[in-house]
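Hi there,

Here is the structure I promised to pass on to you. Have a look at it first, and then read on for my notes.

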Amino acid sequence: MIEVENLTKKFGSKTAVDDLSFSVKKGEVLGFLGPNGAGKSTTMRMVTGFIPPTSGSIRVCGVSVVQDPMGAKRHIGYLPESAPLYNDMTVIGFLNFGAEIRGLSGSAKKDSVEKAIETCFLQSVANQSIDTLSKGYRHRTCLAQSLLHDPDVLILDEPTDGLDPNQKHEVRQLIRRLGEDKAILFSTHILEEVEAACTRAVIVDRGKIVVDGTPAELIAKSGTGSLTDLFRQVTTLDTASSATSEDAA
Ligand SMILES: Nc1ncnc2c1ncn2[C@@H]1O[C@H](COP(=O)(O)OP(=O)(O)OP(=O)(O)O)[C@@H](O)[C@H]1O
């Protein structure tokens, strides 16, 4: 459902994403790991059609994101990194608005909003203004908007960031459940999430995939049974400065 081939993104002299190729099938939850500045968000922004690649191809459900971004976006639900929201709307008002933008109306709109509220446990704040929500609820409101059109593909940039341990658990369970009949790509800095929610994971370092495997394969590869050890073995300590100095050389 997601096919990425030889994807590269350069910002001036900096190569943020370097000839990346991967695919995610229906029923797969792919964890996207990597240190700060590794290129995870940039890759997700390209896969969702928000920024164009410098080179390479991206197909979502067979549709080219570069040639037909609107067509591809119909298949995609996206939770961006900073969870942008309209602060002066209520949660239900924002979700109704999101559903309308997705072309839903009448009972289809009502049903999709109700389902998203229920799925993301937003019932208690549905009529609350977004600017009065805690960080966790804001994040879940944004996650709910990504589900409104029941997309085949979900791209979630750090979906558990800012949540408390109970909410993290709920969202991981939700990702697993949604992943049974969708293709999900999600980024995280929390290595336990690989075991808790992913069917496969890749580790990205300086824009390149350095490890790709199932959680069990990754743990075996570490040699110590620790994903943290594997992460430390295959990634560069200070990605941003290494990439800059390498590019400058
Ligand atoms: N618009 C931009 N202009 C210039 N450089 C950019 C831009 N967006 C990202 N970068 C650079 O590209 C590199 C990859 O950034 P990206 O945000 O994709 O990393 P990330 O893996 O998501 O990091 P984090 O874990 O900190 O969110 C970084 O060096 C970043 O500074």
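Helix H1 is the biggest contributor to the shell around the ligand, supplying three residues. Please keep in mind that this is a predicted model. Strand E2 and helix H10 (239–248) also take part, and like H1 each of them brings at least two residues to that shell. In total, 13 residues surround the ligand, and the closest are Phe11, Ala16, Asn36, Ser41 and Thr42. What classes of residue make up the shell around the ligand? Six are polar, five are nonpolar and two are charged.

H1 covers residues 40–47, and it lies across E1, E2 and strand E4 (55–60). Its direction makes an angle of about 120° with E1.

That brings me to the sheet. Four strands build it, in the order E2-E1-E4-E5, with antiparallel pairing, and the sheet is open. Because strand E2 (14–24) and strand E5 (63–64) each have a single partner strand, they stand at the edges, and one side of each is left without a neighbour in the sheet. E2 is joined to strand E1 (residues 2–11) by seven bridges, and the two run antiparallel. If you would like to find this pairing on your screen, look for Lys10, whose bridge partner in E2 is Thr15.

Now for the overall layout. The protein splits into domain 1, made of 2–75 + 154–248, and domain 2, which is 85–150. How far apart are the C-alpha centres of domain 1 and domain 2? They lie 26 Å from each other. Nine residues from domain 1 and seven residues from domain 2 take part in the contact. On the side of domain 1 that touches domain 2, helix H6 (residues 165–178) gives the most, with three residues. By class, the residues on that side of domain 1 comprise four nonpolar, two polar and three charged.

One last item, this time from a record: UniProt, in an unreviewed entry, lists residues 2–231 as "domain: ABC transporter". Over residues 2–231, the chain is 37% helix and 26% strand, and the C-alpha atoms at the two ends are 25 Å apart.

If you only have a few minutes, I would start with H1, since you will meet it twice: in the shell around the ligand, where it gives the most residues, and lying across E1, E2 and E4.

Happy browsing, and do write back with any questions!

Best wishes

Key: Residues numbered from 1 in each chain as written. Predicted model: local features only at pLDDT ≥ 70, side-chain atom pairs only at ≥ 80, totals over all residues. Pairing = 2+ DSSP bridges. Contact = placed C-beta atoms within 7 Å. Axes fitted to C-alpha atoms, helices over the stretch in contact; angles between N-to-C directions. UniProt positions renumbered as here; feature names shortened; annotations may be inferred. Near = placed C-beta within 6 Å. Nonpolar A, V, L, I, M, F, W, Y, C, P; charged D, E, K, R; others polar. Domains from an automatic or database assignment.
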